[in-house]
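I opened this model to look up a few local points and to write down what I found for each. The entries follow the order in which I went through them.

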2 protein chains.
Amino acid sequence: MHSPDAHHSTLTTPAIILVRPQLGENIGAAARAMSNFGFSDLRLVAPKNGWPNERAVDMAAGAAPLVESARVFDTLPQAMHDIHYALGTTARARFLEKAVLEPESAVTALDEAAREGKRCALLFGPERTGLENEDIVTCDALVTISTAENASLNLSQCVMVMAYEWFRRRPEAPRVGRPALSNPPAGREKLEGFFQQLEEYLDAANHFRTPDKKPVMWRNLRNIFVRAQLSEQEVRTLRGTLRALYLRRRETDAD
Amino acid sequence: MHSPDAHHSTLTTPAIILVRPQLGENIGAAARAMSNFGFSDLRLVAPKNGWPNERAVDMAAGAAPLVESARVFDTLPQAMHDIHYALGTTARARFLEKAVLEPESAVTALDEAAREGKRCALLFGPERTGLENEDIVTCDALVTISTAENASLNLSQCVMVMAYEWFRRRPEAPRVGRPALSNPPAGREKLEGFFQQLEEYLDAANHFRTPDKKPVMWRNLRNIFVRAQLSEQEVRTLRGTLRALYLRRRETDAD
């Protein structure tokens, strides 16, 4: 089904086909977005301002090699010669008997097709007009990015959204999370030590005024520090601060 | 908690704060992305190339009014004067004791804060360097968009991803789907009528050769047309085509 020399990535990562794109800037920005999310197969159908295009290279920033390796075709069928499953992006509802998918379901459809060994492509139309009906006929389904009133999405922004949606479903996508802490989190014991000191000082300073108000005030105060998920170092910092505050107060009292 | 004259939308839609942005083009493209997804509150902290900026207006396309109504502040604390909950976007892991969220969980966090009546903001740093640590200290949590090796996301593309993620979780976001068909879908009866005619013609043409092969061949053939989810008009078209093919065959036979 595939040429033997094809890279693994081009088999499983959809090709991005820009159909009659106009502005080099948009081609470059699309390439940069592709590169951000692990896409490598850029194909251009009849770019309107000719090719190569210096502005595309400039705009691609670190993805200039991807722009330089883009393949250019005269017609969409030529660009799709080795594609088995294609989704066309479109802003408007079309009166064609085609399923229209959200970006998320589109990625599911692409993944299913890829699992069946199909080489996939995502098609994007020209800036002003989008894909023509005769481009759309060649697509297996359509994708529409839902927008608010202003539905005019920039071409490279469309590529960005689709590439982002695709990449975040990759099992190998790096998972973000709380970074490795420079300090270990404070255990309950450390926190309780801080609370004891705080309570002692506040009692001594007559902060709670009347005994009946103390439970609520004290619970609310502790809650703030529990919620902060303090590190051991931060508890040490707080205890130092607390001591400094308290001792200064004592000195003032002594005046 | 909020000024009484504030619009409903600015209470529930996060503000977008671009911190020391450099290029007018990026500010304009960010405004366009905001407008695409229903955002309206754009704030700029010390834009490096001055303000107003013609390139920002040009790049915003239909969202030029949003650029023109952007509020400019000298410092980040000034820009955040009325904000209760802020997320900072960052490409790099920071050694700060802050949660780092995926865009999707970031939207959940923003929605929870908005439900508590908090006015929210999303912060984006300058093009080359991103947010500084002292900007990040003011954030409640961080957001990182996972990328492939090339992690350098364009500023307006970051805004796009976050605005897209936010908007697609709005209950009022238009749901895409199969568009209203110009023709009603064909019911089973119409489809069966077509199948009967097809079977009759194929039997007459001795297409199935041997009776034992017919069930599988016939099932596979019908499956194609079932899967196509034909409209009534398409069934009529197919029946016409079938008749034409069959009658032509008969004429040939008669030769």
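Entry 1, an exposed loop residue. Before judging any side chain I fixed my cut-offs: a residue is buried under 20% relative accessible area, exposed over 50%, and partly exposed in between. I also noted that I am working with a predicted model. With that cut-off in hand I turned to Arg209(A), whose relative accessibility is 67%, and therefore I entered Arg209(A) as exposed. Arg209(A) sits in the loop that runs between helix H9 (188–204) and helix H10 (214–227) of chain A. I then checked its backbone and found that phi of Arg209(A) is near 60°, a positive value in a residue other than glycine.

I looked up Arg209(B) in the other chain as well. Arg209(B) has a relative accessible area of 66%, so I put it down as exposed, and its place is the loop between helix H9 (188–204) and helix H10 (214–227) of chain B. For Arg209(B), too, phi is positive and near 60°.

Entry 2, cis peptide bonds. Which peptide bond of chain A did I find to be cis, with omega near 0°? I noted the bond from Trp51(A) to Pro52(A), and I located Pro52(A) in the loop between strand S2 (42–45) and helix H3 (54–60) of chain A. In chain B, I found a cis peptide bond joining Trp51(B) and Pro52(B), with omega about 0°; Pro52(B) belongs to the loop between S2 and helix H3 (54–60) of chain B.

Entry 3, chain A as a whole. I counted 11 helices and seven strands in chain A, and buried residues make up 47% of its 255 residues. Taking the contacts in chain A with a separation of 6 or more, I found that 81% are between residues 24 or more positions apart. Chain A exposes about 13300 Å², and carbon and sulfur atoms supply 52% of that area.

Entry 4, the sheet of chain A. I traced an open sheet of seven strands with parallel pairing, in the order S3-S2-S1-S6-S4-S7-S5 (chain A). Strand S3 (71–73) and strand S5 (100–101) of chain A stand at its edges, and because each has a single partner strand, one side of each is left without a neighbour in the sheet. Helix H2 (residues 24–36) of chain A packs on this sheet, where I found it touching S1 and S2 of chain A, and its direction makes about 155° with that of S2(A). Strand S1 (residues 15–19) of chain A runs parallel to S2(A), and four bridges join the two; within this pair I noted that Val19(A) stands opposite Val45(A).

Entry 5, the sheet of chain B. Here I read the order S3-S2-S1-S6-S4-S7-S5 (chain B) for an open sheet of seven strands, again noting parallel pairing. The edge strands are S3 and strand S5 (100–101) of chain B, each of which pairs on one side only. H8(B) packs on the sheet and touches S1, strand S4 (85–89), strand S6 (120–124) and strand S7 (141–143) of chain B, while its direction makes about 150° with that of S6(B).

Is helix H8(B) enclosed or open to the outside? I found 13 of its 13 residues buried, so I recorded H8(B) as largely enclosed by the rest of the structure. I checked its length as well: at 1.5 Å a residue, the 13 residues of helix H8 (residues 155–167) of chain B should span 18 Å, and the end C-alpha atoms are 18 Å apart, which agrees.

Entry 6, strand S2 of chain B. I looked at both faces of strand S2 (residues 42–45) of chain B and found them covered, with Leu42(B) and Leu44(B) buried on one side and Arg43(B) and Val45(B) buried on the other. S1(B) and S2(B) pair in the parallel sense over four bridges. The chain crosses from S1(B) to S2(B) through helix H2 (residues 24–36) of chain B, and I noted this β-α-β crossover as right-handed. S2(B) is also joined by three bridges to strand S3 (residues 71–73) of chain B, the two running parallel. I followed Val45(B) across the sheet: Val45(B) is the bridge partner of Val19(B), and in S3(B) the bridge partner of Val45(B) is Phe73(B).

Conventions
Residues are numbered from 1 along each chain as its sequence is written. Chains are lettered from A and ligands numbered from 1 in the order in which they are written. This is a predicted model: local features need pLDDT of at least 70, side-chain atom pairs count only at pLDDT 80 or more; totals for chains, interfaces and linings use all residues. Side-chain values use heavy atoms; hydrogens and water are left out. Buried means under 20% relative accessible area, exposed over 50%, partly exposed in between (1.4 Å probe, protein chains only). Contact means heavy atoms within 4.5 Å. Accessible areas come from the Shrake-Rupley method with a 1.4 Å probe; for residues, only the protein chains shown count as cover. Two strands pair if DSSP finds at least two bridges between them. A crossover is right-handed if, with the strands pointing away from the viewer, the path from the first strand over the helix to the second runs clockwise. The expected span of a helix is 1.5 Å times one less than its number of residues. Axes are lines fitted to C-alpha atoms, for helices over the stretch in contact, and angles run from 0 to 180 degrees between N-to-C directions.
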